Amino acid sequence: MCEVYESCMKELEASIPVYIKKIGNFMWKNKSWHITDHYRIPDNQSLIQCQVCEKAWIREVFEITNVEGKTIVVGNECIYNVTNEKIGAYYKNYSRHKENLIKNKVVLHNIDVIIKTWSNCYYRFHYERKDYEKFKKMLKRLCIGLNLTKTQQETYMRYHEKLPKLDIKNVTEDD
Ligand SMILES: [Zn+2]
């Protein structure tokens with residue numbers, strides 16, 4: 001388990017309900033609706049059918065409720081059509097950021113180790129002081145699901161060669 005990765009992912013996932021609350025009510029089929037829940041069906045459970053298109057089998061579920069209290073489940077494709085472009089755009093960004101975060105897990109972990117061992121006298125010898133702030137910026141960027149810039153990548157690669165000298169746990173994609 002990689003702690004910094006877990007906490008970044010938790011924060012990213014928590015941003016959805018916060019955003020959903022902000023959307024408020026929307027009109028669909030001449031009725032006012034709002035999103036009442038958003039969840040993912042666990043991989044070992046069977047999918048359910050989207051009640052808007054009545055075609056798609058969905059894992060990512062939005063639950064919407066209208067003024068009369070009727071509740072239906074909607075997939076992440078149809079939710080764009082019934083709500084508005086805003087949530088569509090937001091959700092696409094969210095998915096992209098999540099993919100980035102998963103992809104950058106090892107780099108995130110290594111940068112966290114670099115920052116945490118910075119003040120250690122032994123390792124400080126290998127570091128340039130001015131890069132400390134750079135690494136903190138990189139960590140923030142990766143944590144919200146952005147990729148490193150080209151310059152940041154170059155800085156990271158310079159340090160990456162020194163990483164074997166540190167006591168770094170090997171983080172694999174599936175741990
Ligand atoms: Zn659908």
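Begin with the whole chain: residues 24 or more positions apart make up 56% of the contacts in the protein with a separation of 6 or more. Keep in mind that this is a predicted model.

**Whole protein**

Colour by secondary structure. The protein has seven helices and six strands. Follow the elements from the N terminus and they run α-β-β-β-β-β-β-α-α-α-α-α-α. Now colour by burial. Of the 175 residues, 19% count as buried.

**Select L47**

Go to the loop between β2 (31-40) and β3 (48-49); L47 is found there. Is L47 buried or partly exposed? L47 is partly exposed, because 13 other C-beta atoms lie within 10 Å, while a buried residue has 20 or more.

Show the neighbours next. Leaving out residues up to four places away in sequence, L47 touches I41, W57, I58 and R59. Then pick V61. L47 and V61 are 14 residues apart in sequence, and their C-alpha atoms are 9.6 Å apart in space.

**Select α6, residues 131-143**

Hide the rest and look at helix α6 (residues 131-143). α6 has 13 residues. From its first C-alpha to its last, α6 reaches 18 Å, close to the 18 Å expected at 1.5 Å a residue.

Turn on side chains. Which residues of α6 are buried? They are F135, M138, L142 and C143. These residues are on the same side of α6 because they cover an arc of only 130° around the axis. Rotate to the other side of α6, where E133 and K140 are exposed.

Step just past the end of α6 to G145. Here G145 takes a positive phi of about 90°.

**Add α7, residues 150-160**

Two packed helices are described by the angle between their axes and the distance between the axes. Bring back helix α7 (residues 150-160) alongside α6. How do the two values come out for this pair, and what is the distance and angle? The axes of α6 and α7 come within 11 Å and cross at roughly 115°. The crossing of α6 past α7 is left-handed.

Now select the contact residues. On α6, take D131, K134 and M138. On α7, take Q152, T155 and Y156. Colour this contact by residue class: the residues divide into two nonpolar, two polar and two charged.

Finish on M138. M138 is one of the buried residues of α6, and M138 also takes part in the contact with α7. Keep M138 selected and turn the view between the buried side of α6 and the contact with α7.

Methods. Residues numbered from 1 in each chain as written. Predicted model: local features only at pLDDT ≥ 70, side-chain atom pairs only at ≥ 80, totals over all residues. Axes fitted to C-alpha atoms, helices over the stretch in contact; angles between N-to-C directions. Helix = DSSP H or I, 4+ residues; strand = E, 2+ residues; numbered from the N terminus. Left-handed = near helix turned anticlockwise from the far one by under 90°. Contact = placed C-beta atoms within 7 Å. Nonpolar A, V, L, I, M, F, W, Y, C, P; charged D, E, K, R; others polar. Expected span 1.5 Å × (residues − 1). Buried ≥ 20, exposed ≤ 12 C-beta atoms within 10 Å, placed from the backbone. Arc of directions from axis to C-beta.
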